[in-house]
Amino acid sequence: MSLTLKILIGLVAGLAVGVAVSASGSATLHALPAYIEPIGTIWVSALRMLVIPLVVSAILIGVTSLPDSRSIGRVGSRALVTFLLVLLAAATYSVIVAPIALSQLTIDPVAAASLKAHAESASGDAMQSAQKLTTFTQWFVELVPTNPVKAAADGAMLPLIVFTLLFGLAVTQLGAESRAHLMRVVVGVYEASLLLMGWVLVAAPLGVFALSVPLATRLGLAAAGAVAYFVGAVSTMCIGFIAALYVVAWLVGKQDMRAFARAIAPAQAVAFSSRSSLVSLPALLQAAAELRLPVSIRSFYLPLAAATFRTGSAIHIPFAVLFVARLYGVDLSSQQLVTVVLTAVLTTFTVPGIPGGTIIVMVPVLMAVGLPVGAIGLLLGVDTIPDMFRTTTHITSDMATASILARLEPADAAIMDGT
C-alpha cells in the first residue's frame with residue numbers, strides 16, 4: 001500500500017471519528033480528542049524541526065549551483081528572472097482569486113472561533129504576535145534580520161530566506177577550495193534532512209489521523225465539506241492558470257496554439273499520472289524537439305526548470321494559506337498577504353521531491369503570518385488530486401516559458417538538431 005493511500009485512509013478515519021464524536025453528545029467521547037491530539041502535535045513539531053535546515057540548505061545549494069559559463073550563464077540568468085516573474089504572477093493570481101473562491105465556503109462562526117481559540121492557546125503568543133499590524137516601512141526594514149539565528153527561532157521565515165540568499169551569493173565569491181569544503185557540509189545537511197523527513201513521513205498517516213480527529217470534532221460534518229471544497233477549488237485554479245499559459249505561449253512565445261497543445265499533451269499526461277516533473281522530463285524534451293526549440297533551451301533550461309520551477313506550488317501555497325485562515329476565522333492584513341506571496345514564491349524553490357513536498361514547505365509560510373501549522377495534516381491527507389494538477393501546471397509552465405526564452409536566443413545558439 002502506498003504512503004499516499006495510507007495518509008488518505010488516516011484522514012478519512014480521523015474525520016469519521018471526529019464527526020462521530022461531535023454527533024454523539026457524550027462527554028466521555030468528547031474527551032477523546034484531548035488524548036489523541038498530542039500525537040499530531042508531536043508529528044507537526046517533527047516537521048517544523050526540519051523546515052529550517054531543509055529550506056536553508058536547499059536555497060544555498062540552488063544559489064551556488066547557478067552556472068557561470070557564458071552561454072549557459074546567459075540562459076541561466078534569463079531563466080531566473082523568468083522563474084521569479086511567473087511565480088510572482090502565479091502567487092498574486094492565487095491571492096486575488098482565492099478570497100473570491102473561498103467566499104462560497106461556509107464555516108460555522110462558532111466552530112471557527114473554537115478552532116482559532118484552540119490554536120492560539122496551543123501556540124502561546126506566537127500566533128497573536130505574528131498578526132500584529134506593522135507599517136509597510138517597518139515590515140520592509142525587518143526583511144533584513146539583525147540576527148538570523150533569532151529570526152529562525154522566531155519563525156520569521158522571509159527575513160531568514162533573504163539572509164540565506166545573500167549568504168549564498170557571498171559563498172559564490174569564495175575561492176574554489178573554500179567553497180567546495182563549505183558546500184560539502186551544506187549538501188550533507190540537505191541530504192540528511194531529506195532522509196529524516198522521509199522517516200517523519202512514515203508516521204504521516206498516524207499524524208494526520210491525530211490532527212483530523214479534534215478538527216472534525218470541532219467542525220462536525222463541515223470539515224469534510226470544507227476539505228472537498230478545497231480540493232475542487234485549488235484544482236480549478238490550476239486549470240485556469242494552465243489555460244493562461246497557453247495564451248502566453250501563443251502571444252509571447254509565438255507558438256501555434258494547436259501545435260503547442262499537441263506537443264505538450266504527452267508530457268502533461270505523464271505529469272498528471274506520475275505527479276513528478278522529473279519523470280515528465282523525457283516527454284517534455286520530446287515536445288521541445290517537436291516545437292523546434294533551440295538546443296540550449298532543451299539541453300539546459302528544461303532540465304533546470306523541471307528540477308526547480310514549481311508554478312503550481314506558487315498557486316497552491318497562497319490558496320491553502322487563505323483556506324486555513326478562513327477555516328480558523330482569521331483575517332489576514334494586506335501586509336500579511338504580501339508576506340504570503342513573497343514567502344510562497346521563494347519557498348517554491350525548496351520543494352523537496354517527495355510526496356506532499358509542497359504541503360511541507362507551507363510550514364514556513366503559515367509561520368510567517370501566524371497561522372496554525374497543524375492544519376497541514378488536513379491538507380496533506382487530500383493532496384493527491386491537487387498534486388496532479390499542480391504537477392501538470394509545473395510542466396506546462398516549463399514549456400511556455402521555454403518558448404519565450406527561445407525567442408531571446410541569438411541566431412547562432414538557435415541551431416536545431418538535424419538542420
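**Close-up views of helix packing and a cavity**

**View 1. The crossing of H14 and H15 is right-handed.** The model is predicted. H14 spans residues 277-290 and H15 spans residues 295-308. Their axes lie 10 Å apart, at an angle of about 150°. Angles over 145 degrees count as roughly antiparallel, and H14 and H15 are therefore roughly antiparallel to each other. On the H14 side, the contact is made by Ser277, Leu278, Leu281, Leu284, Leu285, Ala288 and Ala289. H15 brings Arg298, Leu302, Pro303, Ala306 and Ala307 to the contact. By class, this contact of H14 with H15 holds 10 nonpolar residues, 1 polar and 1 charged.

**View 2. H14 also packs with H21, and this crossing is right-handed.** H21 covers residues 384-408. The axes of H14 and H21 come within 11 Å and cross at roughly 35°. H14 offers Ser277, Ser280, Leu284, Ala287 and Ala288. Facing them in H21 are Thr391, His394, Ile395, Asp398 and Met399. The contact of H14 with H21 has 5 nonpolar, 4 polar and 1 charged residues.

**View 3. H3 passes H10 in a left-handed crossing.** H10 runs over residues 176-202. The axes of H3 and H10 are 9 Å apart, and the packing angle is about 150°. From H3, the contact takes in Trp43, Ala46, Leu47, Met49, Leu50, Pro53, Leu54, Ser57, Ala58, Leu60, Ile61 and Thr64. From H10 come Arg179, Met183, Val186, Val187, Val189, Tyr190, Ser193, Leu194, Leu196, Met197 and Val200. The contact of H3 with H10 divides into 19 nonpolar, 3 polar and 1 charged residues.

**View 4. The second largest cavity is lined by Val51, Leu54, Val55, Ile360 and Val361.** The model has 2 cavities of 30 Å³ or more. The second largest has a volume of about 30 Å³. H3, residues 32-64, gives the most to its lining, with 3 residues. Leu54 is one of the lining residues and is also among the H3 residues that meet H10. The lining comprises 5 nonpolar residues, with no polar and no charged ones.

Notes. Residues are numbered from 1 along each chain as its sequence is written. This is a predicted model: local features need pLDDT of at least 70, side-chain atom pairs count only at pLDDT 80 or more; totals for chains, interfaces and linings use all residues. Side-chain values use heavy atoms; hydrogens and water are left out. On a 1 Å grid over the protein atoms alone, a cavity is a set of points where a 1.4 Å probe fits but cannot get out, and a pocket is an open set with protein on both sides within 12 Å along at least five of seven lines; lining residues have an atom within 4 Å of a point. Grid points are joined across faces, edges and corners, and a volume is the space filled by probe spheres set on the points. Helices (H or I, at least four residues) and strands (E, at least two) are DSSP runs, numbered from the N terminus. Ala, Val, Leu, Ile, Met, Phe, Trp, Tyr, Cys and Pro count as nonpolar, Asp, Glu, Lys and Arg as charged, and the others, Gly among them, as polar. Axes are lines fitted to C-alpha atoms, for helices over the stretch in contact, and angles run from 0 to 180 degrees between N-to-C directions. Angles under 35 degrees count as roughly parallel, over 145 as roughly antiparallel, 65 to 115 as roughly perpendicular and the rest as oblique. A crossing is left-handed if the near helix is turned anticlockwise from the far one by less than a right angle, and right-handed if clockwise. Contact means heavy atoms within 4.5 Å.
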